[in-house]
Amino acid sequence: MTAATTEPRVLASGTLDGLSALVTGAGSGIGRAVTQRLVQLGAHVTGLGRHEDSLKETGDLLDGPGGYDHRVCDVRDTEAAAAALVEVGESRGLGLLVNNAGGQFFAKALDISVNGWNSVLDLNLTSIFHLTKAAHPYLARTHGSVVNLSLSGVERGGMGMAHSIAARAGVLGLTRTLALEWATDGIRINCVGPGTVLTHALNDEASDHVLGNLVHKATPMQRPTPTADVAELVAFLASPAGALMTGQLLQIDGGAHLGAGLHMLPEAYR
Ligand SMILES: CCC/C=C/C(=O)SCCNC(=O)CCNC(=O)[C@H](O)C(C)(C)COP(=O)([O-])OP(=O)([O-])OC[C@H]1O[C@@H](n2cnc3c(N)ncnc32)[C@H](O)[C@@H]1OP(=O)([O-])[O-]
Ligand SMILES: NC(=O)C1=CN([C@@H]2O[C@H](COP(=O)(O)OP(=O)(O)OC[C@H]3O[C@@H](n4cnc5c(N)ncnc54)[C@H](OP(=O)(O)O)[C@@H]3O)[C@@H](O)[C@H]2O)C=CC1
């Protein structure tokens, strides 16, 4: 078996026993994989998302010693999302917040309207600020941590993604700032930047040409990032092994941030 196909699960069972976590966007893709892995390692996860059916389906797929419940909520409704978090914090405490809900449409900057810009900024930046702020008192009690899902190559820009890259660069700045401001409260905060992850959402957005050809061309290691690899990294950051890691952007992308990158392939998104 090659390294490319080796199961990425390396953390010992029980590593996250007793951890209380909240994962946004837990009903699909990366959020679902993160939830599955946290529960396998012993955590209790509350999954947040807009659709009850997909959040329930995540619950049905779980196997492991941890627990799971869900709340239907739009993270762009910052008051409702904060209220859901406070409910979790008050009832069970909170040791981990995973800000995973996010996304964008692909369009050239000149084709993005004010409303289009605001939609993407609200989802990928503003909601994260408010939810993370609401988590502070609970994370301070547990010396917990935050993981923000970002993008590989966020520091260099990305064609067709002006709104999303600006939002994620904002999240990186926020991450580094809170890592400083909250370090003495014992709270850590990091970003994980996956390369291309072939989730349903991306399959719907990008053409077969992109997925079939350009991902390999743009990635030095010539393969996309599996959701399970992202999940293991998030779990690592939440575990005692990550206890001194804060303010980081960890890119898990087969070297995409070093290579040609989809950002340099204008034909990728149109
Ligand atoms: C390597 C890859 C890395 C990344 C991978 C992934 O993230 S995978 C995940 C990838 N998949 C996803 O992320 C899917 C999730 N994405 C979404 O849910 C939504 O796109 C949204 C949350 C970003 C906006 O939600 P919303 O309910 O607020 O949307 P709304 O319909 O109300 O429109 C608001 C404004 O946006 C405008 N507009 C919309 N489309 C386009 C376009 N193509 N062109 C131009 N403009 C567009 C629309 O016209 C309107 O402006 P207007 O006309 O009033 O001036
Ligand atoms: N796929 C990829 O190639 C990459 C993805 N990413 C990022 O990783 C994260 C997860 O992506 P991925 O799993 O691929 O995408 P998905 O679309 O599968 O997951 C996004 C999840 O967020 C939820 N969500 C979206 N908008 C909201 C909202 N307003 N309020 C609450 N929940 C919401 C969705 O559920 P629902 O619609 O039910 O609310 C969905 O479960 C995103 O931030 C994405 O941008 C980063 C790098 C690459």
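What follows is a walk through the surroundings of ligand 2 and a pair of helices in a predicted model.

Start with the ligand. There are 27 residues around ligand 2, and Ser-28, His-51, Asp-74, Arg-168 and Thr-199 come nearest. Sorted by character, the residues of this shell split into 14 polar, 10 nonpolar and three charged.

Some of the side chains reach oxygen atoms of the ligand. In His-51, an N or O atom of the side chain sits 2.6 Å from an oxygen atom of ligand 2. Ser-28, for its part, has a polar side-chain atom 2.8 Å from an oxygen atom of the ligand. Arg-50 joins in as well, with a side-chain N or O atom 2.8 Å from an oxygen atom of ligand 2. As for how much of the ligand ends up covered, ligand 2 on its own exposes 870 Å², and the protein buries 89% of that. Two elements give two or more residues to the shell: helix H1, spanning 29-40, and helix H6, spanning 200-205.

Helix H1 also turns up in a helix pair. Its partner here is helix H8, made of residues 227-238, and the axes of H1 and H8 come within 8 Å of each other. The two axes cross at roughly 55 degrees. That angle falls outside the ranges for roughly parallel (under 35 degrees), roughly perpendicular (65 to 115) and roughly antiparallel (over 145), so H1 and H8 count as oblique to each other. As for handedness, the crossing in which H1 passes H8 is right-handed.

Notes: Residues numbered from 1 in each chain as written. Chains lettered and ligands numbered in written order. Predicted model: local features only at pLDDT ≥ 70, side-chain atom pairs only at ≥ 80, totals over all residues. Heavy atoms only, no water. Near = heavy atom within 4 Å. Polar contact = N/O pair within 3.5 Å; in protein donor to acceptor, adjacent residues only side chain to side chain. Areas by Shrake-Rupley, 256 points an atom, 1.4 Å probe, with all protein chains shown as cover. Helix = DSSP H or I, 4+ residues; strand = E, 2+ residues; numbered from the N terminus. Nonpolar A, V, L, I, M, F, W, Y, C, P; charged D, E, K, R; others polar. Axes fitted to C-alpha atoms, helices over the stretch in contact; angles between N-to-C directions. Left-handed = near helix turned anticlockwise from the far one by under 90°.
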